[in-house]
Amino acid sequence: MSDKPQVCIVGGGMITQVQILPSIYQLQRLGIVGDISVCALNSAPLNVLAQDEALRKAFAGHSFAAYPSLDTDPKRRFPDLYKEVIEKMPRDGIVVVAVPDPVHYEVIRTALACDQHVCCVKPLVLEYSQSVEIEKIAYEKGLVVGVEYHKRLDDRALMARQLYREGKFGEFRIGHAEMNEPYYYRHSNFQNWFTKENSDMFTYVGCHYVDQLHFITGLLPKTVSVYGIEDKYPNGKTGYLWTDARVIWENDGCLNVTNVMGYPDDGPGGNFQGIRIYCSGHDKSGMLVHNDQNRGIQHCYVEKGGEPGDTFYSEPSPDYFKFVNLGGEGLTPVGYGYRSIELIVRNVCKCRDTDPSDVSGRQKLIKQFDDEGIMATPANSSYNELVVEAGRLSILNGGREVEITYGDNAGVDFRKY
């Protein structure tokens, strides 16, 4: 197909502001995608996006269609408006799902029912059966579903994946990972949905490093135990804002994953993250360390910014997402946050180059994406949904160990001793 896919971003929150919308704007600038719309629960976050100075500076002349409109009373809520917007889109477009985790499933189902491709923030869904259902529907229709595990597109992870699979490290035995988000997140919309009955810090960000260990090694997790500590939000609601997980893998290797919503706001980085694993082979040990919170940059400013978490002393990461001046129009987004969105969109465009009536041709391409394993898809990353299910069962039962079963009867249950 020669026309450019329209893009509808469902969700106007932080991830849309700092990564998704600027990435889609850049792809629009490059002539890869067409018109852009953003749909949110109310007009408040849409006005934040429309007035964002960084986006205005980087993409002067670019804009999005807002649903509801920017002049709508921000107190009015439109929970089903995204369905109307998606239904009116030309077929073979792209729906970017950037809403709270519990809502992913219904937005994805709506997109697929309207013959739209999907780019979804991680995790895809919270139940394995839903992931299998999405995989089946998308495959039958010849539609691409990409899960935006952006750390897969970090050069560190890609290098480690290649070297590990060449045998350079030996076999994974034990390790530790952390992804700790700042305290000020508690004052955001998280306090309205990220409560203990809906999610927890391991489900929300621990999945990044569970996915990364599989991405690097090819191993599958077999048991999960998650201990959660409850804490209060400013609005009085309760969430599992401190979690510690132990994930045992099919080769009996062990990865401990710590996640909190409590990294100090005055800390030098926007968050704290990294992974350290030890391996063995040939009567030697191997080691892989990614200090992802420290990218070798140290800044101290005479004036700090006005956004939450801005500090005088900073250790910024140039690798996730930044704007740089490469000449020409505006500013250019760089980093694996952009590359991840670009990969999914370009894969959608490859599929769109195949005639919609040639479903088998599209299915062949989808299978190729599944087998390559670079872009996360329902077929190659549904173990993450099993880990989520196991983790939720564990955390709600005091950290009991939960086993994962794969195959035709895939599921989770308490480990029997």
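Biologist: I see Tyr278 in strand E11, which covers residues 272-281. Is Tyr278 buried, partly exposed or exposed?

Modeller: Keep in mind that this is a predicted model. The class depends on relative accessible area, with buried under 20% and exposed over 50%. Tyr278 has 36% relative accessibility, so Tyr278 counts as partly exposed.

Biologist: Which residues form a nonpolar patch with Tyr278 on the surface?

Modeller: Ile174 and Met287 join Tyr278 there, and together the three have about 290 Å² of accessible area.

Biologist: Now the sheet around E11. In what order do its strands come?

Modeller: Read across the open sheet: E12-E11-E7-E10-E9-E8-E17-E18, 8 strands with mixed pairing. At the edges, E12 (284-290) and E18 (411-414) each pair on one side only. On average, neighbouring strands are turned by 20° against each other, direction ignored.

Biologist: And which helix packs on this sheet?

Modeller: Look at H13, residues 383-395, which touches E8, E9, E17 and E18 and makes about 50° with the direction of E8. As for pairing, E17 (residues 402-405) and E18 run antiparallel, joined by 4 bridges. Val402 has Phe414 in E18 as its bridge partner.

Biologist: There is an open sheet of 6 strands too; what is its pairing?

Modeller: Parallel, in the order E3-E2-E1-E4-E5-E6. E3 (65-67) and E6 (145-148) are the edge strands. The average turn between neighbours in this sheet is 15°, direction ignored.

Biologist: How many bridges pair E1 with E4?

Modeller: E1 (residues 7-10) and E4 (residues 94-97) share 4 bridges, and Val10 stands opposite Val97 in E4. Helix H5 (residues 104-113) lies across E1, E4, E5 and E6, at about 165° to E5.

How values were computed
Residues numbered from 1 in each chain as written. Predicted model: local features only at pLDDT ≥ 70, side-chain atom pairs only at ≥ 80, totals over all residues. Heavy atoms only, no water. Pairing = 2+ DSSP bridges. Helix = DSSP H or I, 4+ residues; strand = E, 2+ residues; numbered from the N terminus. Axes fitted to C-alpha atoms, helices over the stretch in contact; angles between N-to-C directions. Contact = heavy atoms within 4.5 Å. Patch = residues over 30% accessible without salt bridge, like charges linked within 9 Å, V, L, I, M, F, W, Y side chains within 5 Å. Areas by Shrake-Rupley, 256 points an atom, 1.4 Å probe, with all protein chains shown as cover. Salt bridge = Lys/Arg side-chain N within 4 Å of Asp/Glu carboxyl O. Buried < 20%, exposed > 50% of the residue type's maximum accessible area, 1.4 Å probe, protein only.
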